[in-house]
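Let's take a look at how the inside of this protein is packed. Have the sequence and the model open side by side as you read.

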Amino acid sequence: MSRSSDYDVCCGLENLPVSIESTSHEEQLPRFQYSPDNVPGPGSDIDPSEVTFPGCDCNSASCHPGICSCLQSHGQMYNDTLCLRVQDEKDSGCCRPVFECNIMCRCSEACANRVVQRGLGFRLQVFRTEGKGWGLQTLEPVPKGRFVCEYAGEVIGFAEACSRQRSQKLGDMNYIIAVREHASGGGRVVETFIDPARVGNIGRFLNHSCQPNLLMVPVRVDSLVPRLALFAARDIALGEELVYDYSGSYKNSRGESQVVIISNTDSLSKKPCYCGAKECSRFLPLDVSIINHI
């Protein structure tokens with residue numbers, strides 16, 4: 001791991017600066033507007049900054065399941081060390097949505113049910129990988145279950161996602177993520193499209209791995225629009241690259257939520273995977289849901 005430069009990729013908009021390795025220069029970074037949160041984009045039906053959830057009346061520093069309306073309605077998803085709770089054995093392998101206390105709640109900012117909204121919890125660094133372009137690594141150890149960062153960007157509509165796919169040229173980077181949440185009962189599917197290509201946060205530098213060390217979980221705070229939070233799937237060592245599964249299949253079942261990268265539309269040929277994992281599938285995940293509508 002190389003030394004860091006003094007440049008902050010986040011432009012001072014996060015609670016912690018994110019450096020770039022000293023062997024690279026900020027002029028080499030892709031141009032985009034930094035935003036730590038999701039922002040409304042073309043075709044979005046819901047403003048991600050709109051407050052849509054009621055708050056709890058807890059006056060304590062941290063909420064308790066016995067009295068907190070938020071925890072009673074949605075469950076206690078974090079433990080006392082702010083780690084994502086392990087699912088029950090019958091639900092193992094599922095990625096369930098998380099609901100945190102919000103701006104309408106009377107509990108303090110130190111409440112244990114406020115994790116993702118606190119921002120970055122660890123010092124991170126953007127660096128040049130071998131064969132994969134830019135990547136993101138941690139500058140300190142990350143315990144299993146701890147929140148690392150979000151994948152934030154423009155929240156766009158389905159038609160806009162299709163339009164942006166059409167305009168992509170061969171070799172263009174694709175950042176659009178489709179979040180498909182399967183509501184319990186009735187088979188209803190809620191879709192959210194997030195694109196950090198023009199406006200986004202540090203999550204846009206994360207690469208794919210067939211054996212990831214991060215787990216993506218939809219987390220709701222103030223708005224119905226989910227915040228795509230990335231938690232440590234295992235203990236992560238200092239200097240290790242942070243990666244997640246683009247297919248959304250890692251610790252995820254169709255009965256809950258599905259998070260997938262929508263692939264480029266210039267061809268349906270599979271792109272090689274360079275994650276280097278022992279059980280690498282050799283190709284990046286390919287989702288054709290939008291391609292079929294273009």
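## Rings and core

Phe32, Tyr34 and Phe205 are linked into a cluster by ring pairs, where Phe, Tyr and Trp rings (for Trp, the six-membered one) pair if their centres lie within 6.5 Å; planes under 30 degrees apart are stacked, over 60 edge-to-face, and the rest tilted. This is a predicted model, so local features need pLDDT of at least 70 and side-chain atom pairs count only at pLDDT 80 or more, while totals for chains, interfaces and linings use all residues. Residues are numbered from 1 along each chain as its sequence is written, and side-chain values use heavy atoms, leaving out hydrogens and water.

There are eight aromatic pairs by that rule. Take Phe32 and Phe205: their ring centres are 6.0 Å apart with planes at 65 degrees, so the pair is edge-to-face. Phe205 is buried, at 3% relative accessibility (buried is under 20% relative accessible area, exposed over 50%, partly exposed in between, with a 1.4 Å probe and protein chains only).

Arg204 sits over two ring faces, meaning its CZ (NZ for a Lys) is within 6 Å of the ring centre and within 35 degrees of the ring normal:

| Charge | Ring | Distance to ring centre |
|---|---|---|
| Arg204 | Tyr175 | 4.5 Å |
| Arg204 | Phe205 | 5.7 Å |

And the core? The largest nonpolar one has 34 residues, with Leu136 and Ile202 making the most contacts inside it; such a core is a set of buried Ala, Val, Leu, Ile, Met, Phe, Trp, Tyr and Cys residues joined through side-chain atoms within 4.5 Å. Apart from it lies another core of 16 residues, including Ala112 and Val219.
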